[in-house]
Amino acid sequence: MIKNSFKRILMRIAVIAVATAALFAAPATAQDLSAFSTGPVFEDFGPHAPVEGAGELPSLTTFSVAFDVTKRADAETRNRGFESAARFINMHVAGGVPADRINIAVVVHGGAVRDLVVGDDNGSQTMVRALLDYGVRFIVCGQSAAANGVSADELIEGVEMDLSAMTAHALLQQDGYTVNPF
């Protein structure tokens, strides 16, 4: 009898503790996005915020970064992984890195290959074209394209096809790119 009462008390304490933690955690998860803005390179996407106290980047900083994107965007929305590439560019150019010292490749596999197909319902299409025009490389995993029934002629003009995402990453690493998984 005492053992069961003790268990009930412990269970009530646990429930109260979880409820209290959730109550106090809620305000911490609210996001203030007012500090975020786009530009200076892409005005319609790639929001970033200034960070006080962040050290200055050396004047000769060069970035060669490959973004790894597998998750497909929801219908008629932009792919968040693709937008991260734009954010990286906007943020670092705003931070003083010369645009010509930022080399970006986006390696796309899994369901995300569908976000590189020409079509009215592709919410990423305009952003991808702007990124391509800027010099960002989009490289599709040929294995994922085959698995998703996507042929090279369906892709947005300028998007590259490789044997696989693994192949693309290996070749990019040989060219000095680091991987930024999304």
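In the predicted model, Ser-164 is in contact with Cys-141, Gly-142 and Gln-143 once its neighbours within four places in sequence are left aside. The residue is placed in the loop between strand E4 (160–162) and helix H5 (165–174), and its side chain reaches the backbone nitrogen of Met-166 at 3.4 Å. Ser-164 counts as buried because its relative accessibility, at 7%, falls under the 20% cut-off.

A second loop residue, Asn-122, is found between E2 and H3. With a relative accessibility of 9%, Asn-122 is likewise assigned to the buried class, since this value is under 20%. A polar atom of the Asn-122 side chain lies 2.9 Å from the backbone oxygen of Asp-115, and, when residues up to four places away in sequence are not counted, Asn-122 touches Arg-114, Asp-115, Leu-116, Val-117 and Ile-156.

These loops belong to a chain whose secondary structure comes to five helices and five strands, which follow one another along the sequence in the pattern α-β-α-β-α-β-α-β-α-β. Of the 182 residues, 36% count as buried, and the chain exposes about 11200 Å², of which carbon and sulfur atoms supply 57%. Among contacts between residues at least 6 apart in sequence, 70% join residues that are at least 24 apart.

Helix H2, which covers residues 80–94, has 15 residues and extends 20 Å from its first C-alpha to its last, a span close to the 21 Å expected at 1.5 Å a residue. The N-terminal end of H2 is capped by Asn-79, a side-chain oxygen of which lies 2.7 Å from the backbone nitrogen of Gly-81, while just after the helix Gly-96 takes a positive phi of about 105°. The buried residues of H2 are Gly-81, Phe-82, Glu-83, Ser-84, Ala-85, Ala-86, Phe-88, Ile-89, Asn-90 and His-92; the elements that cover them include strand E1 (63–69), strand E2 (102–108), helix H3 (125–134) and strand E3 (137–141).

In soluble globular proteins, nonpolar side chains tend to be buried together. In the present model the largest nonpolar core holds 32 residues, and the members that touch the most others are Phe-82, Ile-104, Val-106, Leu-116, Leu-131, Phe-138 and Val-159. At least two residues of this core are supplied by each of E1, H2, E2, H3 and E3, with H2 giving the most, namely five. Val-106, one of the members named above, touches Phe-67, Val-69, Phe-82, Ala-85, Val-136, Arg-137, Phe-138 and Ile-139, residues up to four places away in sequence not being counted. Separate from this assembly is a second core of nine residues, among them Ala-66, Ala-165, Ala-168 and Leu-172.

As to the confidence of the prediction, the mean pLDDT of the chain is 86, and 81% of its residues reach 70 or more. Residues 17–28 form a stretch over which pLDDT stays under 50, and for these residues the model has zero contacts beyond four places in sequence.

Note on methods. Residues are numbered from 1 along each chain as its sequence is written. This is a predicted model: local features need pLDDT of at least 70, side-chain atom pairs count only at pLDDT 80 or more; totals for chains, interfaces and linings use all residues. Side-chain values use heavy atoms; hydrogens and water are left out. pLDDT is the predictor's confidence in each residue, from 0 to 100. Contact means heavy atoms within 4.5 Å. Helices (H or I, at least four residues) and strands (E, at least two) are DSSP runs, numbered from the N terminus. The expected span of a helix is 1.5 Å times one less than its number of residues. Buried means under 20% relative accessible area, exposed over 50%, partly exposed in between (1.4 Å probe, protein chains only). A polar contact is a pair of N or O atoms within 3.5 Å; within protein, one must be able to donate a hydrogen and the other to accept it, and residues adjacent in sequence count only if both atoms are side-chain atoms. A nonpolar core is a set of buried Ala, Val, Leu, Ile, Met, Phe, Trp, Tyr and Cys residues joined through side-chain atoms within 4.5 Å. Accessible areas come from the Shrake-Rupley method with a 1.4 Å probe; for residues, only the protein chains shown count as cover.
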